[in-house]
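Please look at the sequence and the 3D structure shown below before reading on. The report that follows is written to be read beside them.

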Amino acid sequence: AYAEERNLRIGIENCPMLFHHDEWPGGKNLFMCPSVWRRLFQDIPSPILGMNFDPSHLIWLFIDPVPPIYEFRDRIFHVHAKDIRVD
């Protein structure tokens, strides 16, 4: 209640944090894809927990970034807007 009264929100970025070839598929950040987000938000249903949504990270994981916007709209606290292409 205290955090909600103070409008505190925690947003975790959906970056897999891949820095080296031997980190695939996990990287250094578990908060990388919609299946993990679903589980985390189910296990921790607090409204102060959300995400810093970066669609470019989903693109390099070959995940369509549009459906998660609708599914997790109440959990997206911040958005990174940048371009990416898969070469």
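What follows describes the overall layout, then the sheet, then the core and one of the helices.

This is a predicted model, and every statement here should be read with that in mind. The chain contains four helices and three strands, and if you follow the sequence from its start, these elements appear in the pattern α-β-α-β-α-α-β. Of the 87 residues of the chain, 33% count as buried. The chain exposes about 6100 Å², and carbon and sulfur atoms supply 58% of this area. Among the contacts between residues at least 6 apart in sequence, 61% join residues that are at least 24 apart.

**The sheet**

The three strands form an open sheet in the order β1-β2-β3, with parallel pairing. β1 (10–13) and β3 (76–79) are the edge strands, each of which pairs on one side only, and from one strand to the next the twist averages 30 degrees. As general background, the strands of a sheet pair through backbone hydrogen bonds, either parallel or antiparallel. Here β1 and β2 (residues 49–53) are joined in the parallel sense over four bridges, while three bridges join β2 to β3, again running parallel. Some of the residues that stand opposite each other in these pairings are listed in the table.

| Residue | Partner | Strand of the partner |
|---|---|---|
| I10 | L49 | β2 |
| E13 | N52 | β2 |
| F53 | V79 | β3 |

Is β2 mostly covered or mostly open? The strand is mostly covered, since five of its five residues are buried.

**The core**

Which residues make up the largest nonpolar core? This core has nine residues in all, namely F31, W37, F41, L49, M51, F53, L58, F72 and I76. Both α2 (34–43) and β2 supply at least two residues of the core, and the largest share, three residues, comes from β2. In soluble globular proteins, nonpolar side chains tend to be buried together.

One member of the core, F31, can be followed in more detail in the structure. Leaving aside its neighbours within four places in sequence, F31 is in contact with I12, E13, N14, C15, V36, W37, L40, F41, G50 and M51.

**A helix with two faces**

The buried residues of α2 are P34, W37 and F41. Seen down the axis of the helix, the buried residues of α2 fall within an arc of 55 degrees, so they line one face of the helix. It helps to recall that an α-helix has 3.6 residues a turn, so residues three or four places apart point the same way. The face of α2 turned away from the buried side carries the exposed residues R39 and Q42. Covering the buried residues of α2 are, among others, β2, α3 (55–60) and α4 (66–71).

**An exposed loop residue**

The last residue to find is N7, which lies in the loop between α1 (2–5) and β1. Why does N7 count as exposed? Its relative accessibility is 65%, and N7 therefore counts as exposed, given that the cut-off for exposed residues is over 50%. Although N7 and I48 are 41 residues apart along the chain, their C-alpha atoms are separated by 8.0 Å.

Terms used
Residues are numbered from 1 along each chain as its sequence is written. This is a predicted model: local features need pLDDT of at least 70, side-chain atom pairs count only at pLDDT 80 or more; totals for chains, interfaces and linings use all residues. Side-chain values use heavy atoms; hydrogens and water are left out. Two strands pair if DSSP finds at least two bridges between them. Axes are lines fitted to C-alpha atoms, for helices over the stretch in contact, and angles run from 0 to 180 degrees between N-to-C directions. A nonpolar core is a set of buried Ala, Val, Leu, Ile, Met, Phe, Trp, Tyr and Cys residues joined through side-chain atoms within 4.5 Å. Buried means under 20% relative accessible area, exposed over 50%, partly exposed in between (1.4 Å probe, protein chains only). Contact means heavy atoms within 4.5 Å. Accessible areas come from the Shrake-Rupley method with a 1.4 Å probe; for residues, only the protein chains shown count as cover. The arc is that of the directions from the helix axis to the C-beta atoms.
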